[in-house]
Amino acid sequence: MTVIKDITNYIEKLAPLRYAEDFDNVGLLVGSYETPITGVLVTLDCLENVVDEAIDKSCNLIVAFHPIIFKGIKNLRPDDYVKRVIIKAIKNDIAIYATHTALDVAHGGVSYRMAQELGLQNLKTLAPKNNLIKKLTTYIPIEHFDQVQNTLFQSGAGHIGNYKECGFSVDGDGTFKGNELSNPQYGVSGFRSTEKEKQLHIIYLPHLESKILKTLKESHPYEEVAYEIVTLENSYQKIGMGCVGEFPEELEIEDFISTLKSTFNHNAIRTSLSRKRTIKKVAVLGGSGAFAIQNAKSYGADAYVTADLKYHDFFQGQDILLCDIGHYESEQFTKNLLTEYLTEKFTNFAILCAQAQTNPVNYY
């Protein structure tokens, strides 16, 4: 029997909630993790018409990109669209889960899907996260070193980018003296002991920390395990906002704009007055992306495709073509991404891409 927790655990392999922005509200917003699944409806926004579609299609879990609950709610009177959605979902035993910025920063997430739809190649993260990678240092008796190191590798430590089982060790002497309540693996309580040890340095990502520390303490022979944790300033290419890539061949600016219109099914694209006449390297970022204009420039991008640019943002677009394609339009492929991802894993119930219209913006 598959329960909601099985679905959310799998989503969080792609988009761990640990990396969502601090201001965000992600995870299971309505419902219980232990509820058995009857069907999943994937949507960009969770509105009343989406809940109605879930009811009609016997789906008791809505996986949304944007969280319907974002600010504090002081009552559940049906006097705005947010509270009406929550009330209807609860009345019909429908759970709501949101990924939002956890999926924004995921490798292969929102912006990567934009880039793939455009046909870009050689993809890299536009604004990688800094101060993310953790380094664990611990001290292990030589005869136990391989066992402890291997169990740490199995728990996910030592994995960075395209490499696994990365570590560094140094031989040395460790000293300790236990009191009368101690029960040392080596030596005798009340006497200082000196043991041949290896110092192990191993990196890991923060969402794995509790698992890795649990593994360390269970596999290490010492009663008191000595270890240190530091956060590295290095950037990490696999987690961050936006994406940058290249077309196989240069496009004339008119052809590039036509490609944007056809790819994102949108004819109201706003652009800067750029001096660029041909486009090859392109940066993209789903949703509001003004903050990453300088990142796009630093990559030498010819164009930057995003949404929600303000009037004064466009003044930065002389040496780069800034393209505002609309918030909904930039993120519209997210529900396809999640539907395809879940369908590969779960086959014993329906996983459907919502058909309900949720774009709040009209164009004439």
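Start by selecting α5, residues 110-118. Its buried residues are Val-110, Ser-111, Tyr-112, Arg-113, Met-114, Ala-115 and Leu-118, where buried means under 20% relative accessible area, exposed over 50% and partly exposed in between, with a 1.4 Å probe and protein chains only. That is 7 of the 9 residues of α5, so the helix is mostly covered. Now step just past the end of α5 to Gly-119, which takes a positive phi of about 90°.

A quick word on what you have open: it is a predicted model, in which local features need pLDDT of at least 70 and side-chain atom pairs count only at pLDDT 80 or more, while totals for chains, interfaces and linings use all residues. Residues are numbered from 1 along each chain as its sequence is written, and side-chain values use heavy atoms, with hydrogens and water left out.

Zoom out to the whole protein. You should find 11 helices and 15 strands; these are DSSP runs numbered from the N terminus, with helices being H or I of at least four residues and strands E of at least two. The C-alpha trace spans about 85 × 55 × 40 Å along its principal axes. Of the 364 residues, 50% count as buried.

Next, pick out the open sheet of 5 strands, in the order β1-β4-β3-β2-β15 with mixed pairing. Two strands pair if DSSP finds at least two bridges between them. At the edges stand β1 (27-30) and β15 (350-353), each with a single partner strand, so one side of each has no neighbour in the sheet. From one strand to the next, the twist averages 25°.

Stay with the β1 edge and add β4, residues 95-98: the two pair in the antiparallel sense over 3 bridges. Click Leu-28 and look across to its bridge partner in β4, Tyr-97.

Now show α2 (residues 48-56), which packs on the sheet and touches β2 (39-43), β3 (61-64) and β15. The direction of α2 makes about 155° with that of β2. Angles here run from 0 to 180 degrees between N-to-C directions, and axes are lines fitted to C-alpha atoms, for helices over the stretch in contact. Bring in α11 as well: this helix also packs on the sheet, touching β2, β3 and β15, and its direction makes about 165° with that of β15.

Keep α11 (residues 334-345) and add α1 (residues 4-14); they pack at an angle of about 120°, with axes 11 Å apart. That makes α1 oblique to α11, on a scale where under 35 degrees is roughly parallel, over 145 roughly antiparallel, 65 to 115 roughly perpendicular and the rest oblique. To see the contact (heavy atoms within 4.5 Å), select Ile-7, Tyr-10, Ile-11, Lys-13 and Leu-14 of α1 with Leu-337, Tyr-341, Leu-342 and Lys-345 of α11.

Where does Thr-99 sit? Look in the loop between β4 and α4 (101-104). At 1% relative accessibility, Thr-99 counts as buried. Leaving aside neighbours within four places in sequence, Thr-99 is in contact with Ile-11, Val-26, Ala-64, Phe-65 and Leu-338.

For a last stop, show α6 (residues 145-154) and α7 (residues 209-219), packed at an angle of about 160° with axes 9 Å apart. That makes α6 roughly antiparallel to α7. Gln-147, Val-148, Thr-151 and Leu-152 in α6 meet Ile-212, Thr-215, Leu-216 and Ser-219 in α7.
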